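Here are my notes on the chain, point by point. Please read them with the structure open.

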Amino acid sequence: MNNLKEILRKFRLKINKCGSSYRNKKLKTKDFSIISNNCYAGIVYQYLGLKYNTPTIGLFFYAAEYIKFLENFNHYIHCSLSFIDTNKSRYYKQLCKSGYENVIIGILEDVEIVFLHYQSREEAKNKWEKRCKRLSKNIIFKFNDQNLCTIETIKKFDELPYKHKIFFSSKQYK
């Protein structure tokens, strides 16, 4: 089943690249960054044929971690990224349930990040730092109801003072 998912993911990525130059030409600006709690930003950049202007590529945050990150975004985005062993994560049991018992866990002070699509800590750190330097002043904050999301984390996201934010859901909320 995992092999089929990976084959479909790679196929989707190739399809996304088709027409990206056409979509790219229709953009009013290419100077923006998408801060996302999962791989969404990477897919959008690929779909539009743009350079990754965000560090949130190939990773995900558990909902509470993402909200904490956004509540003090200007601080955390400048913190040094370090790592812990997966079994030291607050979410170790959840990671194991999802089959991620050997993923790379990054730490920005007290915020955990799951670097899902990276082969090494060095690769994750290098990509994170390189992409943080590309961060635009025009930021879109995106959140969705995955990874232990609760109504409280949704409310906290809604209350954040950011001008450009969007929430995607598979459920209907009031």
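1. Start with helix α7, residues 121-133. This is a predicted model, so a check on helix geometry comes first. With 13 residues at 1.5 Å each, α7 should span 18 Å. The C-alpha atoms at its ends lie 19 Å apart, which agrees.

2. Which residues of α7 are buried? They are Ala124, Trp128, Arg131 and Cys132. Their arc around the axis is only 105°, so they sit on the same side of α7. Note that Arg131 is in this buried group.

3. Now turn α7 around. The face directed away from the buried side holds exposed residues: Glu122, Asn126 and Lys133.

4. What covers the buried residues of α7? The cover includes one helix, α4 (63-71). It also includes the strands β2 (81-84), β3 (104-108) and β4 (111-115).

5. Next, the overall layout. The chain has eight helices and six strands. Along the sequence they run α-α-β-α-α-α-β-α-β-β-α-β-α-β. Of the 174 residues, 42% are buried. Take the contacts between residues at least 6 apart in sequence: 60% of them join residues at least 24 apart.

6. The largest pocket deserves a close look. Its volume is about 1100 Å³. The lining counts 39 residues, and those closest to the pocket centre are Arg9, Cys39, Tyr100, Leu116 and His117. By class, the lining holds 17 nonpolar, 14 polar and eight charged residues.

7. Which element gives the most to that lining? It is α1, with seven residues. Elements that each supply at least two lining residues are α1 (2-17), α3 (40-48), α7 and β5 (139-144). Helix α7 from the opening points is thus part of the wall of the largest pocket.

8. The second largest pocket holds about 160 Å³ of space. Its lining consists of Ile151, Ile154, Lys155, Phe157, Asp158, Lys165, Ile166, Phe167, Tyr173 and Lys174. Two elements give two or more residues each: α8 (151-159) and β6 (165-168). The largest share comes from α8, with five residues.

9. How do the lining residues of the second largest pocket divide by class? Six are nonpolar, four are charged and none is polar. For the largest pocket, the polar count is 14.

10. Helix α3 also merits a comment. Its buried residues are Ala41, Gly42, Val44, Tyr45, Gln46 and Leu48. Helix α3 also supplies at least two residues to the lining of the largest pocket. Glycine 49 follows the helix, and its phi is positive, near 70°.

11. Is tyrosine 47, a residue of α3, buried or partly exposed? Its relative accessible area is 38%. Buried would require under 20%, and exposed over 50%. Tyrosine 47 is therefore partly exposed.

12. One last distance, again for tyrosine 47. Its C-alpha atom and that of arginine 12 are separated by 10.0 Å. Along the chain, the two residues are 35 residues apart.

How values were computed: Residues are numbered from 1 along each chain as its sequence is written. This is a predicted model: local features need pLDDT of at least 70, side-chain atom pairs count only at pLDDT 80 or more; totals for chains, interfaces and linings use all residues. Side-chain values use heavy atoms; hydrogens and water are left out. Helices (H or I, at least four residues) and strands (E, at least two) are DSSP runs, numbered from the N terminus. The expected span of a helix is 1.5 Å times one less than its number of residues. Buried means under 20% relative accessible area, exposed over 50%, partly exposed in between (1.4 Å probe, protein chains only). The arc is that of the directions from the helix axis to the C-beta atoms. Contact means heavy atoms within 4.5 Å. On a 1 Å grid over the protein atoms alone, a cavity is a set of points where a 1.4 Å probe fits but cannot get out, and a pocket is an open set with protein on both sides within 12 Å along at least five of seven lines; lining residues have an atom within 4 Å of a point. Grid points are joined across faces, edges and corners, and a volume is the space filled by probe spheres set on the points. Ala, Val, Leu, Ile, Met, Phe, Trp, Tyr, Cys and Pro count as nonpolar, Asp, Glu, Lys and Arg as charged, and the others, Gly among them, as polar.
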